[in-house]
Amino acid sequence: QVQLVESGGGLVQPGGSLRLSCAARGFTRDDYAIGWFRQAPGKEREGVSCVGNSDGSTYYADSVRGRFTISRDNAKKMAYLQMNSLKPEDTAVYYCALGEGVVRHVEAFLTDKRLYDYWGQGTQVTVSS
């Protein structure tokens, strides 16, 4: 049974940094895509970033590009989201998601939640002074 477990959320002041982690427990394949999504109260879940499995291409939402960095460790089946220069509008529950199989169009994984097979339970990020 595959389980995604996020960690690293918390309360941070504006301008601060956090690093989220996502562990894919029970997942053994090497071909998969990883995405990070977030959902603020009263808003729809939105894509933040994604990374493919072949060339490691990454995509970011316009709102986080230049501030957030996604990475993955295939050997450890881990994914990370480094978040710098955090803003109050980044406050949300952050979810990681995993899509199995060979990924040919990585950019689609930034917004299409239907492409993912597994989701984590989410971790709260609050940016406030």
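**Exercise 1. Work out the strand order of the open four-stranded sheet and say which strands sit at its edges.**

Step 1. Start with the pairing, bearing in mind that two strands pair if DSSP finds at least two bridges between them. The open sheet of four strands runs in the order 1-3-8-7, with antiparallel pairing. Strands here are DSSP runs of E with at least two residues, numbered from the N terminus.

Step 2. Now the edges: strand 1 (3–7) and strand 7 (68–73) each pair on one side only.

Step 3. Add the twist. On average, neighbouring strands of this sheet are turned by 15 degrees against each other, direction ignored; the axes are lines fitted to C-alpha atoms, with angles from 0 to 180 degrees between N-to-C directions.

A word on what you're looking at: this is a predicted model, where local features need pLDDT of at least 70, side-chain atom pairs count only at pLDDT 80 or more, and totals for chains, interfaces and linings use all residues. Residues are numbered from 1 along each chain as its sequence is written, and side-chain values use heavy atoms, with hydrogens and water left out.

**Exercise 2. Describe strand 8 and its partners.**

Step 1. Strand 8 is joined to strand 7 by six bridges, and the two run antiparallel. Phe68 is the residue opposite Met83 in strand 8.

Step 2. Strand 3 also runs antiparallel to strand 8, again with six bridges. Here Ala23 faces Met78 of strand 8.

Step 3. Check the cover: five of the six residues of strand 8 are buried, meaning under 20% relative accessible area, while exposed means over 50% and partly exposed is in between (1.4 Å probe, protein chains only).

Step 4. Look at the hairpin of strand 7 and strand 8. Four residues lie between the strands, and Lys77 takes a positive phi near 55 degrees. Lys77 counts as buried because its relative accessibility is 13%.

**Exercise 3. Find what surrounds Asp90 in the loop after strand 8.**

Step 1. Place it: Asp90 belongs to the loop between strand 8 (78–83) and strand 9 (92–100). With 0% relative accessibility, Asp90 is buried.

Step 2. Look for a polar partner (N or O atoms within 3.5 Å; within protein, one must be able to donate a hydrogen and the other to accept it, and residues adjacent in sequence count only if both atoms are side-chain atoms). A polar atom of the Asp90 side chain lies 2.8 Å from the backbone nitrogen of Lys87.

Step 3. List the contacts (heavy atoms within 4.5 Å). Leaving aside neighbours within four places in sequence, Asp90 touches Arg38, Arg67, Phe68, Ser85, Val125 and Val127.

Step 4. Take a closer look at Ser85. Ser85 lies in the loop between strand 8 and strand 9 and has a positive phi of about 50 degrees, although it is not a glycine. At 40% relative accessibility, Ser85 is partly exposed.

**Exercise 4. Classify the ring pair of Phe27 and Tyr118.**

Step 1. Set the rules: rings of Phe, Tyr and Trp (its six-membered ring) pair if their centres lie within 6.5 Å, and planes under 30 degrees apart are stacked, over 60 edge-to-face, and the rest tilted.

Step 2. The structure has six aromatic pairs. For Phe27 and Tyr118 the centres are 6.5 Å apart and the planes stand at 70 degrees, so this pair is edge-to-face.

Step 3. Phe27 is in the loop between strand 3 (18–25) and strand 4 (32–39) and Tyr118 is in strand 10 (residues 118–119), so the pair ties together parts 91 residues apart in sequence.

Step 4. Compare exposure: Phe27 is buried at 6% relative accessible area, whereas Tyr118 is partly exposed at 24%.
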